[in-house]
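Here are my notes on the model, set out as numbered points for comparison with the coordinates. They take up a helix pair, a hairpin, a covered helix and some backbone angles.

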Amino acid sequence: MERLQKVIAQSGITSRRKAEKLIVDGKVAVNGEIITELGTKVSPDDKVEVEGVPVTKEEPVYFLLYKPRGVISSVKDDKNRKIVTDYLPEVEQRVFPIGRLDYDTSGILLLTNDGDFANLLMHPKHEIEKVYIAKTKGIPLREDLSRFKKGIKSEGELLKASHVKTLSVDKKKHTAIIQVTLHEGKNRQVRRMFEEIGFPVDKLKRERYGFLDLHGMNAGETRELTPHEVKQLRQLAEKNVK
Ligand code: URA
């Protein structure tokens, strides 16, 4: 027996949180009867419908995309810009990105139809390590960057990096390449941190997500995660619980 919201999330229709809202809103029927109770458990023999459409369990799929710059981390865009799912092979499943990278940020982005897996990885308490490479306008000093580790206040939030390192500087062009490691993923976090210290980010790339990197890949390329990688990511997230 599984909880109703889990069964809906596993079908790839939506996240578990949105599934809960569908249930409470009276959009979900089990064996023809509307159910609004969140704890309800169902067996594989029960017929679950969302807004009259039968729910079936999709085969889970997991992709790693080297997202190029100039692409929206979304499954649709009303302005007709490129979206991350444009770069995936044709699959039947409704695949969505796990978290997001800004339009102008490139790098590792995971995509799946497995709502539970996505929630597990995205949950703030699981703190998957992410490594970014930023090119800054201007050359921050060590003292400027050391503020990242203490935490920087921005729009009422405290933004922290666990590690920061200047990789190179170009004194003529007045730019620097800086590696920043985060265990959190707040909106536009890296760009906001650099804005706060007065050195805006010109280019940003996520080069590592947990143990996954972009080795051997070009921007716009996708590969499926191996079952072993999926298992390791799950273990990594579960181990990181604070
Ligand atoms: N930090 C940012 O500023 N942008 C991203 O896309 C990811 C992290």
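1. The crossing of helices H3 and H6 is left-handed. The model in which this is seen is a predicted one, and that should be kept in mind for each of the points below. H3 covers residues 115-122 and H6 covers residues 227-239, and their axes come within 9 Å of each other while crossing at roughly 45°. An angle between 35 and 65 degrees falls in the oblique class, and H3 and H6 are therefore described as oblique to each other.

2. As to which residues make this contact, H3 contributes Phe117, Leu120 and Leu121, whereas H6 contributes Val230, Leu233, Arg234, Ala237 and Glu238. Sorted by class, the contact of H3 with H6 holds 6 nonpolar and 2 charged residues, with no polar residue among them. A general remark may help in reading such a list: an α-helix has 3.6 residues a turn, so residues three or four places apart point the same way.

3. Strands S13 (residues 163-170) and S14 (residues 175-182) run antiparallel and are joined by 7 bridges. Within this pairing, Val164 of S13 stands opposite Val180 of S14. The two strands form a hairpin, with 4 residues between S13 and S14.

4. His174, in the loop between S13 and S14, deserves a look of its own, since this residue is not a glycine and yet has a positive phi of about 60°. How exposed is His174? Its relative accessible area is 48%, which places His174 in the partly exposed class, the cut-off for exposed being over 50%.

5. A second non-glycine residue with a positive phi is Glu51, for which the angle is about 50°. Glu51 is placed in the loop that lies between strand S5 (48-50) and strand S6 (53-54). With a relative accessible area of 53%, Glu51 counts as exposed.

6. Helix H5, which spans residues 189-196, is mostly covered, with 6 of its 8 residues buried. Which residues of H5 are buried? They are Gln189, Val190, Arg191, Arg192, Met193 and Phe194, so that the buried set includes two arginines, Arg191 and Arg192, as well as Val190, Met193 and Phe194. Just after H5, the backbone takes a positive phi of about 85° at Gly198.

Notes: Residues numbered from 1 in each chain as written. Predicted model: local features only at pLDDT ≥ 70, side-chain atom pairs only at ≥ 80, totals over all residues. Heavy atoms only, no water. Pairing = 2+ DSSP bridges. Buried < 20%, exposed > 50% of the residue type's maximum accessible area, 1.4 Å probe, protein only. Axes fitted to C-alpha atoms, helices over the stretch in contact; angles between N-to-C directions. Parallel < 35°, antiparallel > 145°, perpendicular 65-115°, else oblique. Left-handed = near helix turned anticlockwise from the far one by under 90°. Contact = heavy atoms within 4.5 Å. Nonpolar A, V, L, I, M, F, W, Y, C, P; charged D, E, K, R; others polar.
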